[in-house]
Amino acid sequence: MTFPSTYRAVVVKAPGQLQLVERPIQRPARGQVRIRVEACGVCHSDSATVEREAAEGARPRVPGHEVVGRIEALGEGVEGWNIGQRVGVGFLAGEDRTCPSCRQGDIVNCQNPVITGMTTDGGYAEIMLAEARGLVRVPDDLSAAEAAPLLCAGLTTFNALRNAGARAGDVVAIHGLGGLGHLAVQFARKMGFYTVAIARGADKAELASQLGAHRYVDAKVEDVAAALQQLGGAKVVLGTAPTGAGMAETVRGLAPRGRLVVVAVPGESIALNAVDLVFGGRTVVGALTGTVTDNEQTLAFAQLQNIRPLIETFPLEQAQAAYDRMMRADVRFRAVLLMNVDKTGVQA
Ligand SMILES: [Zn+2]
Ligand SMILES: [Zn+2]
């Protein structure tokens, strides 16, 4: 049996344009592992790589930071990881350990991070090189397609919710029911919060309830803040929909000392009324991803509580279609690329 010396990868050919290419398989450098990729989620943050003009002469970048696969080669100096081990790689895939943030233990805010699919090639490929320090252990009984979105969308919402200061029984509202929001509602419910889902349209009520929401607020016809105040005010609102106006609307619905935690990044600003902040001591704060151990806890909690992303899968060669549909918000609810899928849709 001979092993192929090349692999297929999808690279950014021009802003917004992806291209399938063949690349030679390389040995992992010191501290790195080589991963045989099984699945890679398509995340909105990939647009930072895909829509950008590449630097002159730079090798085209492979996007993708929701990667699940198995280690097939170890670089020099890698300890604690084995060939054949199931691993994941998320957005933040290595901190420098020397910058002021890292020295204070705040590695999520590392000033020189390895960011998968941005500063290094990501997972829209059959093979990927990753820093061992950025690896996440992935349980064998979690499917690659379902684990992939948990590594970014899952981690982001899980960590933001568990660090927001709400306690069991508190009212926690999830603003938005898309790729992030549909996971956040499941997490919030299973964390023991009175869970409110806020979205637009009566057609989302059924989904909200299936995901575990106790109450659905239709922002098209209801006053969001008034609906939250009827429940006593939200201790936490998690802003997952990329709309500044929509997020701003929820602030008046916060309980005193309540917190709007922003995880989506809208193109426009979030216009806040200072009265709502000052009277009631309300807070608006952002939350960014998490560490590799946070990510392992995300996977463990998802397994424990049977929380799964709703996904649509695509073979690698349809990466452009998957990306375009994700950008149009036309995927229910996370797109995932599967490597080595045969014509019947079965993964080899
Ligand atoms: Zn992401
Ligand atoms: Zn650092």
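Colleague: How are the donor residues of the zinc ion (ligand 1) spaced in sequence?

Modeller: In this predicted model, their spacing reads C-x21-H-x86-C. His65 belongs to the loop between α1 (47-50) and β4 (67-74), while Cys152 sits in helix α3 (residues 144-162), so this pair ties together parts that are 87 residues apart in sequence.

Colleague: What makes Cys43, His65 and Cys152 donors of the zinc ion (ligand 1)?

Modeller: A donor is an N, O or S atom within 2.8 Å of the metal. Cys43 (SG), His65 (NE2) and Cys152 (SG) lie 2.0 to 2.2 Å from the zinc ion, and they therefore meet that cut-off.

Colleague: Why is His65 called buried?

Modeller: The term requires a relative accessible area under 20%. His65 has 1%, so the term applies to His65. Cys152, at 8%, is likewise buried.

Colleague: Which strands stand at the edges of the open sheet?

Modeller: The six strands follow the order β10-β9-β8-β11-β12-β13, with parallel pairing. β10 (215-218) and β13 (283-286) each have a single partner strand, so one side of each is left without a neighbour in the sheet. On average, neighbouring strands are turned by 20° against each other, direction ignored.

Colleague: How do you know that strand β8 (residues 171-175) and strand β11 (residues 234-239) pair?

Modeller: Pairing requires at least two bridges. These strands share four bridges in the parallel sense, so they count as paired. In β11, Gly239 is the bridge partner of His175.

Colleague: Which strands does α3 lie across?

Modeller: Helix α3 lies across β8, β11 and β12 (254-262), at about 160° to β11. Helix α4 (residues 181-190) lies across β8, β9 (194-199) and β11, at about 170° to β8.

Conventions
Residues are numbered from 1 along each chain as its sequence is written. Chains are lettered from A and ligands numbered from 1 in the order in which they are written. This is a predicted model: local features need pLDDT of at least 70, side-chain atom pairs count only at pLDDT 80 or more; totals for chains, interfaces and linings use all residues. Side-chain values use heavy atoms; hydrogens and water are left out. Donors are N, O and S atoms within 2.8 Å of the metal (3.2 Å for Na, K and Ca); water is not among the atoms, so sites may look incomplete. Helices (H or I, at least four residues) and strands (E, at least two) are DSSP runs, numbered from the N terminus. Buried means under 20% relative accessible area, exposed over 50%, partly exposed in between (1.4 Å probe, protein chains only). Axes are lines fitted to C-alpha atoms, for helices over the stretch in contact, and angles run from 0 to 180 degrees between N-to-C directions. Contact means heavy atoms within 4.5 Å.
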